[in-house]
Amino acid sequence: MPTETFEFQVEARQLLQLMIHSVYSNKDVFLRELVSNASDALDKLRLAALRDDTLDADVSDLHIELEIDQDARTLTVRDNGIGMSYDEVGQLIGTIANSGTAEFLRELREAQDAAGAEGLIGQFGVGFYSGFMVADEVTLLTRRAGERQGTRWTSRGEGTYTLEPVDDAPRGTSVTLHLKPADPDNQLHDYASVWKIKEIVKRYSDFITWPIRLVGGTGDEGETAGSQTLNSMKALWARSREEVSEEEYHELYKHIGHDWREPLETIQLQAEGTFEYQALLFVPSHAPHDLFNQNYRHGLQLYVKRVFIMDDCEALLPSYLRFVKGVVDAQDLSLNVSREILQQDRHIRMMQRRLTKKVLSSVKNMMTEDTERYATLWREFGAVLKEGLVTDPDNRDALLAVTSFTTTQGDDGTVTLRQYVERMPEEQDDIYYITGESRESIDNSPHMEAFRERGIEVLLLTDPVDEVWVDAVGEYEGKRLRSVAKGEIDLGAREDDRSEDEKEQQAEAYAGLLGWMRERLQEDVKEVRLSTRLTVSPACLVADANDLTPALENMYRAMGQEVPRTRRILELNPDHALVKGLNEAYGHREDPSDLTDTAELLYSLAVLAEGGRPKDPARFVQLMADRLERTL
Ligand SMILES: Nc1ncnc2c1ncn2[C@@H]1O[C@H](COP(=O)(O)OP(=O)(O)OP(=O)(O)O)[C@@H](O)[C@H]1O
């Protein structure tokens, strides 16, 4: 087969352009990316050799080699790992498989400053392409273990690449960078310098579990590479915390978490006894863009006795901790363990329980000891953690203890349920909350009027999961969690409230109108009653205590479940001029049917006030225009 030229996929081309006109200020990281890929390739080969007896591959000296040629100004990163087939090179290197890429590129264009762009790139791990930050041409020579023919891939990063079959390629992959001239003013160092390469490896890749050897080259400093191993290869998770610097932990995190930024928290756990394992977990400082995507790949890396077994091992943590990254190294599992076995393994379940508790207790510590970091954690991952309130009843109390809320009284950040209960006035029995799409829509909700007037604190819940967990949890320390938009609300009597007699008279005066309206609006509402929660608005809609809220109904429908339409209760404000007027008009009519439009409008206003949409917007507009016209 001759050399063939191919075009990069559009997204790949865009990313390459970004690399060439680099948005990274720190270009040193290209080496970390290439070493990281080489390390993964060695992991994969060792595993393949373990699983497949027929794979005739010598795995006795797996390593990474860095070769400097100062005369040619090239740097080669070589591994004798799994390699790639001809087709794989085209697929893996010429295209970007990540479905979030388009979104990423959009976000990147929107990122105003270089720091923002840098952070975004880190999340997407553009790995191999980062070579083009420091090289104007990149050649990749590779042969897949078990195959005879190798492949050479070459590109200058300008829209096309070539592929060519090669007969005598060694197993594994070597990436040769034809280095750009050094330009220290733009952070482009001399990457043909032995000293520089040593420094970068030590800083970013020391923990890599395969030897990284430097061969060839003489440094300007007179330093000869010879052949030396540059990294200590120490598994950080097996070392005690005192021995390891924060920076070393952070570099490991960046390697396994494919993240550019520092983690928010590092959590270490060493379990001894009959089932021994070590874990090193990280809480990222930013939520990935696809955390709520169904296909989000999560889970920890699993090692067995220092041998890498798999990425994204979901069985080790519950789904609501899917943002946690890290490594677990178990001493007593079989090297052949599969995902299916892991799902059922008793020890794995015990491990999951212990790791979950450890993460939750770290969050708790953070909450008490470092409120700023806790606030970041909650902002980024609170909505995911709350899923655990529904799915993990065993840890519900621990989760409730670290859950925090914005409230109507909290300009100063957030409160916990404990704080809410502590500052509840004595006569208040329940914990009140409101759910909605955003703080603004909630703040203006008519359901809040009486609460606001009386200064009663209300929790403001704006995550979709809130609708679900409040029902699942039900109460906290004996206090019911109650929606301000559900059921009858009795906020207790106040001095200027009506007396019982007055209320009775009022109920009588409105009885006719309420009954008539219920009949008129029966398709949409199951009851019409006087409200105790409105002070300003004429009407609002509430649900019965056990009814589904409209948001939940929509959620179930979006999931493809059939749910009957819930009819709600229309509450009228007897102190509002419109409601009073309607009642009087009703009282004076023999035949009130000409008031039907007004009743309908009142209902539509209640729908609009809670951010909903009238059933028939065109009709609503027509009725409204008609009324307005009459006021002129
Ligand atoms: N040295 C290598 N040996 C074998 N396969 C490789 C090597 N380098 C890259 N690949 C393959 O090419 C794919 C793309 O690599 P690239 O660095 O662009 O992204 P990635 O490593 O998947 O992403 P990330 O940088 O986020 O880890 C890898 O997933 C891997 O399958």
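**Exercise 1. Placing Asp 40**

Asp 40 is found in helix 2 (residues 29–51); work out how exposed Asp 40 is.

*Solution.* Before counting, note that this is a predicted model, in which local features need pLDDT of at least 70, side-chain atom pairs count only at pLDDT 80 or more, and totals for chains, interfaces and linings use all residues. Residues are numbered from 1 along each chain as its sequence is written.

- Step 1: recall the cut-offs. A residue is buried if 20 or more other C-beta atoms lie within 10 Å of its own, exposed if 12 or fewer, and partly exposed in between, with C-beta atoms placed from the backbone.
- Step 2: apply them. Asp 40 has 17 C-beta neighbours inside 10 Å, so Asp 40 counts as partly exposed.
- Step 3: look further along the chain. Glu 387 is 347 residues from Asp 40 in sequence, and their C-alpha atoms are 32 Å apart in space.

The helix number comes from DSSP runs counted from the N terminus: helices are H or I with at least four residues, strands are E with at least two.

**Exercise 2. Two helices that meet**

Find how helix 17 (residues 500–520) and helix 19 (residues 577–588) are oriented, and what their contact is made of.

*Solution.*

- Step 1: take the geometry. The two helices pack at an angle of about 90°, and their axes are 9 Å apart. Axes here are lines fitted to C-alpha atoms, for helices over the stretch in contact, with angles running from 0 to 180 degrees between N-to-C directions.
- Step 2: classify. Helix 17 and helix 19 are therefore roughly perpendicular to each other (65 to 115 degrees; under 35 is roughly parallel, over 145 roughly antiparallel, the rest oblique).
- Step 3: list the residues. Helix 17 brings Ala 509, Tyr 510, Gly 512, Leu 513 and Trp 516, while helix 19 brings Leu 582, Asn 583 and Tyr 586. Contact means C-beta atoms, placed from the backbone, within 7 Å.
- Step 4: sort them. There are 6 nonpolar, 2 polar and no charged residues. Here Ala, Val, Leu, Ile, Met, Phe, Trp, Tyr, Cys and Pro count as nonpolar, Asp, Glu, Lys and Arg as charged, and the others, Gly among them, as polar.

**Exercise 3. A sheet of 3 strands**

In what order do the 3 strands of the open sheet stand, and which are at the edges?

*Solution.*

- Step 1: find the pairs (at least two DSSP bridges between strands). Strand 21 (residues 525–530) and strand 23 are parallel over 5 bridges, whereas strand 22 (residues 539–542) runs antiparallel to strand 23, with 4 bridges.
- Step 2: check the register. Leu 572 in strand 23 stands opposite Leu 530 and also opposite Ala 539; Glu 571 in strand 23 faces Cys 540.
- Step 3: assemble. The order is 21-23-22, with mixed pairing. Strand 21 and strand 22 are at the edges, each with a single partner strand, so one side of each lacks a neighbour in the sheet. The twist averages 25° from one strand to the next.
- Step 4: see what covers it. Of the 5 residues of strand 23 (residues 568–572), 5 are buried. Helix 20 (residues 596–609) lies across strand 21, strand 22 and strand 23, at about 65° to strand 22.

Definitions and conventions: Contact = placed C-beta atoms within 7 Å.
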